[in-house]
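Q: Could you walk me through this structure? I have not looked at it before.

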Amino acid sequence: MTSYTVLNPATEQPVTTVSQASSEVTDAAIARATVAQRAWRATPPGERAALLRAFAAQVDAHAEDLAALEVANSGHPISAARWEAGQVRDVLTYYSAAPERLTGRQIPVPGGLDVTFKEPVGVVGLIVPWNFPMPILSWGMAPALAAGCTVIAKPAELTPLTALRIGELASQAGLPDGVFQVLAGKGSVVGQRLVDHPDVRKIVFTGSTEVGQQIMAGCARHVKRLTLELGGKSANIVFADADIEKAAATAPYAVFDNAGQDCCARSRILVQRSAFDRFMELLEPAVKGVQVGDPQSGRTQMGPLISASHRDNVAKYVPDDAPVAFRGNTPAGPGYWFPPTVLAPVSVAAPVYTEEVFGPVVTVTPFDDEADAIALANDTPYGLSGSLWTRDVGRAIRVARAVETGNLSVNSHSSVRYWTPFGGFKQSGLGRELGPDALDAFTEVKNVFIATD
Ligand code: TAP
C-alpha cells in the first residue's frame, strides 16, 4: 500500500498519513460488499431503519470531532464544519424512514394481478470530491443504504479523514461488515476500479465535468447505472425592482462560501443596468467585511483554498491586469489563502466569465431586460444552481422557468436542502439526489404478473 500525507491548508503542516488502497484491495472490498448485500437486502426494513438511526446517533455523538477533523483537513471554518457534520446526521435520519416506505404498485391488468417491487441495484461505488467531504458522502450513502444497497465510498485523495471516521462510526452503530466501506486512495486507482468492476452496479460520482465524462464512458461499457453531479457556473440575477440591499448583502455568501469551492457558487452576478451602480456601492463593504482567517475561530467566515496547486489555478484567472473592482483581505503567513475578489467589467468571452474558477472570484455584469438576463444566464454549458432577485412574482416565475438550471432560489442565496431534489441540467450532471424520490436512483423496478385465471 502507498500512503498520502494530509496537509492542513490553513497552516501547510502535516496532519496525518493515510494508507491508500490498491486495485487489489478495492477488489477485495467489492467482494465483501457483494456478499454483504445479499444479507442487507434481506434484513427486515424495520431493522435496516433502526441501524440507520443508530448510525445517525453515532454521527451526532461525534459531530464535534468530525467538525474538528474537517477544519484540520479541509480548512473549513468551524461553524461550517459543524453544519456539515450535522448534515450527515440529518440526512441519515431523513432516509432512515425510507426502508419501511419502499412500496411498489398494484396495476390493474386482465387475467391476473400485477405488482411492482423496488429492488436494490446492488453494490454502489460512491466517488466524492474534496470540496464538501461530509455532506456529499451522506447524500449518496444514506439513500443507497436505505434502499438495501451496500456502499463503497472513495473520498478525494486530499480529504479522506472525515469519511474514514464516518466509516468507523457505521461499524460502531452496528452496520454489518461490508455494508458500508470507505477506501482512501487515488481516483485513478480506487475510483477507476469501482467504475470498471462488473460487480459494482451503480456509480454515484460528484466532481469535475471532465472526470465525469470519463466515468460515463467507463460505465457505458457495463451499462452501469450512474448519477453525475458535476461543475457549475451559476448566475445570481438581480432585477432593479428587487430588495437591492439584501441582494448585495447576501451575494458574498452565494459565491464565497467554502472559499468559492462550491459547485453551486453564483460566480456570475448579473445586475439590471439601472441598479448596477447602487448594487456595486452596497457590494463593496459586504465583500470587504467577509472575515477570512483561522478556520478554528467561530468568527471566521472564509478559510483557505484546499491546496497550493489549486490556489495557482485560481490565481491564473486574476492576472495582474485583471479588472479588479474591489477585494477582501487574507491573513499573512502560511496557508493557501486567496482574497474574495470582484471583477468588473469583464468580457463575456473571458475565461473567468465562462469557466468554473472554483475559488473566491466573482464577475459582475449588467443586463438590460428580462430577455437579456435569461440569455446571459443560459449562455454556459453548465446548469446547476442560481438565484434571482425581484419583487415581481410573475417575473420570478417566468425567469425561474426560463433559466436552464436544476436548482434556483428566488430572493435567497441558499442552495441545497436535503428534503428537495438536487442535480444539474446540461453539463452539470445527470440524475437527481436528495428529496423524497432519492431511492429511485438506487432501486430497479421489477414487474411481476400473477395469473388468476
Ligand atoms: P475531480 O477531480 O473530478 O475528482 C472528484 C473525485 O473523482 C475524486 O474523489 C477523485 O479522486 C475521483 N477521480 C479522479 N479521477 C478519477 C477516475 N479516473 N476514475 C474514478 N474516479 C476519479 O473533482 P474535484 O476537483 O475533486 O472536485 C471539484 C469539482 O467537483 C468541481 O468541478 C465542482 O463543481 C464539482 N462538484 C460538483 C458538485 C455537485 S453536487 N454538482 C458538488 C461538489 C463539487 P482523487 O481526488 O483521488 O483524484
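Cavities, pockets and packing

A: The largest cavity is a good place to begin: 17 residues line the largest cavity, and those nearest its centre are A235, A377, S385, V403 and T405. Please keep in mind that this is a predicted model.

Q: Which elements give two or more residues to that lining?
A: Two or more residues of the lining of the largest cavity come from each of β10 (235-238) and β15 (386-389).

Q: And what is the volume of the largest cavity?
A: The volume of the largest cavity is about 80 Å³. By class, its lining has 7 nonpolar, 7 polar and 3 charged residues.

Q: How many cavities of 30 Å³ or more are there?
A: The count comes to 3 cavities of 30 Å³ or more. The second largest cavity has a volume of about 70 Å³.

Q: Which residues line the second largest cavity?
A: Its lining includes G232, V255, G260, D262 and A265, as well as S267 and the residues E356, V357, F358, G359 and V361. That lining divides into 5 nonpolar, 4 polar and 2 charged residues.

Q: Let us move to pockets. What is the volume of the largest pocket?
A: The largest pocket has a volume of about 1,000 Å³. It is lined by 41 residues, and P129, W130, G207, S208 and V211 are the closest to its centre.

Q: Which element gives the largest share of that lining?
A: Helix α8 does, with 6 residues. At least two residues of the lining are supplied by each of α7 (187-196), β8 (200-206), α8 (209-220) and α11 (308-316).

Q: How do the residues of the lining of the largest pocket divide?
A: There are 18 nonpolar, 16 polar and 7 charged residues in the lining of the largest pocket.

Q: What about the second largest pocket, which residues are closest to its centre?
A: The second largest pocket has a volume of about 640 Å³. Of its 27 lining residues, W83, F132, Y253, D257 and D262 are the closest to the centre. The elements that give two or more residues to this lining are α4 (78-96), α5 and α9 (244-256). By class, the lining has 15 nonpolar, 8 polar and 4 charged residues. D262 appears here and also in the lining of the second largest cavity.

Q: You mentioned α5. At what angle do α2 and α5 pack?
A: Helix α2 (residues 45-61) and helix α5 (residues 133-146) pack at an angle of about 155°, and their axes are 10 Å apart. The angle therefore makes α2 roughly antiparallel to α5.

Q: Which residues make the contact?
A: On the α2 side they are R48, L52 and F55, and on the α5 side M141, A142, L145 and A146. These contact residues divide into 6 nonpolar, no polar and 1 charged.

Q: Changing topic to strands: in what order do the 3 strands of the open sheet lie?
A: The order is β3-β4-β18, and the pairing is antiparallel. Strands β3 (106-109) and β18 (443-451) stand at the edges with a single partner strand each, so one side of each has no neighbour in the sheet. On average, neighbouring strands of this sheet are turned by 25° against each other, direction ignored.

Q: How many bridges join β4 to β18?
A: Strand β4 (residues 112-120) is joined to β18 by 9 bridges, and the two run antiparallel. One bridge pairs E119 with E444 in β18.

How values were computed:
Residues numbered from 1 in each chain as written. Predicted model: local features only at pLDDT ≥ 70, side-chain atom pairs only at ≥ 80, totals over all residues. Heavy atoms only, no water. Axes fitted to C-alpha atoms, helices over the stretch in contact; angles between N-to-C directions. Helix = DSSP H or I, 4+ residues; strand = E, 2+ residues; numbered from the N terminus. Parallel < 35°, antiparallel > 145°, perpendicular 65-115°, else oblique. Contact = heavy atoms within 4.5 Å. Nonpolar A, V, L, I, M, F, W, Y, C, P; charged D, E, K, R; others polar. 1 Å grid on protein atoms, 1.4 Å probe; cavity = no way out; pocket = protein on both sides within 12 Å on 5 of 7 lines; lining within 4 Å. Points joined across faces, edges and corners; volume = space filled by probe spheres on them. Pairing = 2+ DSSP bridges.
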